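Let's take a friendly walk through a protein model together. Have the viewer open and follow along as we go.

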Amino acid sequence: MASIVFDQLTKVYPDGTLAVDGLSLEVADGEFVVLVGPSGCGKTTALRMVAGLEEITAGELRIGDRVVNHLGARSRDIAMVFQNYALYPHMDVAANIAFGLKMRKIPKAERDRKVAEAARILGLSDLLARKPRQLSGGQRQRVAMGRAIVREPQAFLMDEPLSNLDAKLRVQMRAEIARIQRDIGATTLYVTHDQTEAMTMADRVAVMRHGLLQQLDVPQALYDRPSNLFVASFIGSPAMNLVEGDIVAGEGGGRCRIGGGGVRTGAAQPRLQPYVGRDVAVGIRPELLHEAAPGAEDTVRGTITLVEALGPEALVYVSIDAKPVVHEQVVEGAVVESEDAELVAELRSGATATVVARLGRASHLQAGQEIVLGVETDKLHYFDLETGAVI
């Protein structure tokens with residue numbers, strides 16, 4: 001296996017569209033890195049440049065110790081797994097897996113050995129004589145992966161490989177792909193628009209927007225320390241609550257007024273000092289909210305609009321007297337597919353914000369009730385409303 005290095009990689013199409021803008025990152029030998037972002041963010045274009053399917057406009061791409069900018073796809077020694085399995089329907093599983101080896105004139109004994117080993121890793125040993133039509137979607141995807149594994153390439157590229165599967169099978173295959181990648185130690189670059197896939201599978205996640213890398217980090221760090229409003233709103237399900245708050249000075253530290261309530265800024269106060277008297281975007285993860293008594297400190301107040309009971313927990317939607325953050329980064333991060341004009345309009349026109357609280361069993365709560373929500377203030381996030389950058 002080998003590393004993949006993007007050094008200021010740029011792609012501009014003939015019509016002037018800038019698809020990837022100065023992308024720099026490294027996928028280390030044996031690492032699993034996921035490129036994630038909404039449609040049109042440049043993630044698939046970046047992957048196709050690695051595969052040799054898109055010409056590189058500027059910058060340098062290295063696979064291992066070779067600069068591959070001008071090498072054809074066949075000379076790059078990589079294997080790609082697509083969202084459509086591209087299996088040969090008239091061949092059985094063993095022949096599909098071995099096809100690439102046969103084209104390279106690998107001796108039959110060596111082909112059989114590699115196919116058997118790949119089938120063992122993928123749990124396909126009992127299915128080698130079946131045709132693709134006799135397989136489930138997940139099994140077909142594993143056959144496609146087997147075809148890549150037997151080549152023993154320097155790196156694996158995966159472009160939305162689970163998008164054609166149903167929800168239950170996607171969850172199962174996420175775990176399968178992560179296990180297989182660990183077992184064979186494959187350098188893997190994986191593209192998806194699904195942030196849950198990215199967070200559960202990757203060693204590191206690269207979040208992209210408008211062709212630019214927004215943040216590259218381990219999944220938990222993206223969740224705990226987003227660098228801007230886009231990452232904050234894109235990563236997490238349910239999404240981070242983002243409302244406007246007013247920073248005020250006070251004895252013993254500052255406060256942030258949010259609607260009819262407010263919270264102490266605590267350790268964040270030194271960073272917020274330049275924002276005293278100004279509005280900021282306040283980020284509150286749903287699990288940082290809890291039911292509180294009237295008169296408690298560090299609270300927001302509102303009216304319950306919906307309770308989603310999920311067995312061991314409930315998602316409680318509360319309308320509060322605060323402005324929702326409608327920065328363009330939030331609209332894109334929340335909508336994911338920017339063509340969803342109805343949701344965009346709703347976000348932009350909202351006079352009051354709705355926050356989501358992840359509570360325990362909440363059978364006593366129902367729509368229309370007034371509620372006071374306590375806030376864990378030491379884990380709040382604050383963002384500049386103009387730039388979208390974290391404060």
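What follows moves from the whole chain to one helix and then to a few single residues.

Before anything else, please keep in mind that this is a predicted model. The protein chain holds 11 helices and 20 strands. Its C-alpha trace spans about 80 × 50 × 35 Å along the principal axes. Of the 391 residues in the protein chain, 51% are buried. Contacts in the protein chain also reach across the sequence: taking those between residues at least 6 apart, 71% join residues at least 24 apart.

Now zoom in on helix 2, which covers residues 93-103. A good place to begin is its N-terminal end, which is capped by Asp92. Here a side-chain oxygen of Asp92 lies 3.3 Å from the backbone nitrogen of Ala94. After helix 2 comes Lys105, a residue with a positive phi, near 60 degrees.

Which residues of helix 2 are buried? They are Val93, Asn96, Ile97, Ala98 and Leu101. The elements that cover these buried residues include helix 3 (108-122) and helix 4 (137-149).

The pairing with helix 4 deserves a longer stop. Two packed helices are described by the angle between their axes and the distance between the axes. For helix 2 and helix 4, the angle is about 35 degrees and the axes are 7 Å apart. The crossing of helix 2 past helix 4 is right-handed. On the helix 2 side, the residues that take part are Val93, Asn96 and Ile97, and they meet Val143, Gly146 and Arg147 of helix 4. Sorted by class, this contact has 3 nonpolar, 2 polar and 1 charged residues. Val93, Asn96 and Ile97 are also among the buried residues of helix 2, so you can select them once and look at both features together.Staying with the backbone, we can look at two residues whose phi is positive although neither is a glycine. Ala86 has a phi of about 55 degrees and sits in the loop between strand 6 (78-81) and helix 2. Glu160 has a phi of about 45 degrees, and its place is the loop between strand 7 (155-159) and helix 5 (167-184). Is each of these residues buried or partly exposed? Ala86 is partly exposed, with a relative accessible area of 49%, whereas Glu160 has a relative accessible area of 11% and counts as buried because that value is under the 20% cut-off.

Next, move along to helix 8, residues 229-234, where Ser233 is found. Ser233 is buried, with a relative accessible area of 4%. What lies 2.9 Å from a polar atom of its side chain? The partner is the backbone oxygen of Leu229. Beyond helix 8, the loop that leads to strand 11 (241-248) contains Pro238. The peptide bond from Ser237 to Pro238 is cis, with omega near 0 degrees.

Our last stop is the cysteines. Cys41 is buried, with a relative accessible area of 2%. Cys256 is buried too, and its relative accessible area is 0%. How many disulfides are there, if a pair of cysteine sulfur atoms must lie within 2.5 Å? The count comes to 0 disulfides.

Notes. Residues are numbered from 1 along each chain as its sequence is written. This is a predicted model: local features need pLDDT of at least 70, side-chain atom pairs count only at pLDDT 80 or more; totals for chains, interfaces and linings use all residues. Side-chain values use heavy atoms; hydrogens and water are left out. Buried means under 20% relative accessible area, exposed over 50%, partly exposed in between (1.4 Å probe, protein chains only). Helices (H or I, at least four residues) and strands (E, at least two) are DSSP runs, numbered from the N terminus. Contact means heavy atoms within 4.5 Å. A polar contact is a pair of N or O atoms within 3.5 Å; within protein, one must be able to donate a hydrogen and the other to accept it, and residues adjacent in sequence count only if both atoms are side-chain atoms. Axes are lines fitted to C-alpha atoms, for helices over the stretch in contact, and angles run from 0 to 180 degrees between N-to-C directions. A crossing is left-handed if the near helix is turned anticlockwise from the far one by less than a right angle, and right-handed if clockwise. Ala, Val, Leu, Ile, Met, Phe, Trp, Tyr, Cys and Pro count as nonpolar, Asp, Glu, Lys and Arg as charged, and the others, Gly among them, as polar. A disulfide is a pair of cysteine sulfur atoms within 2.5 Å.
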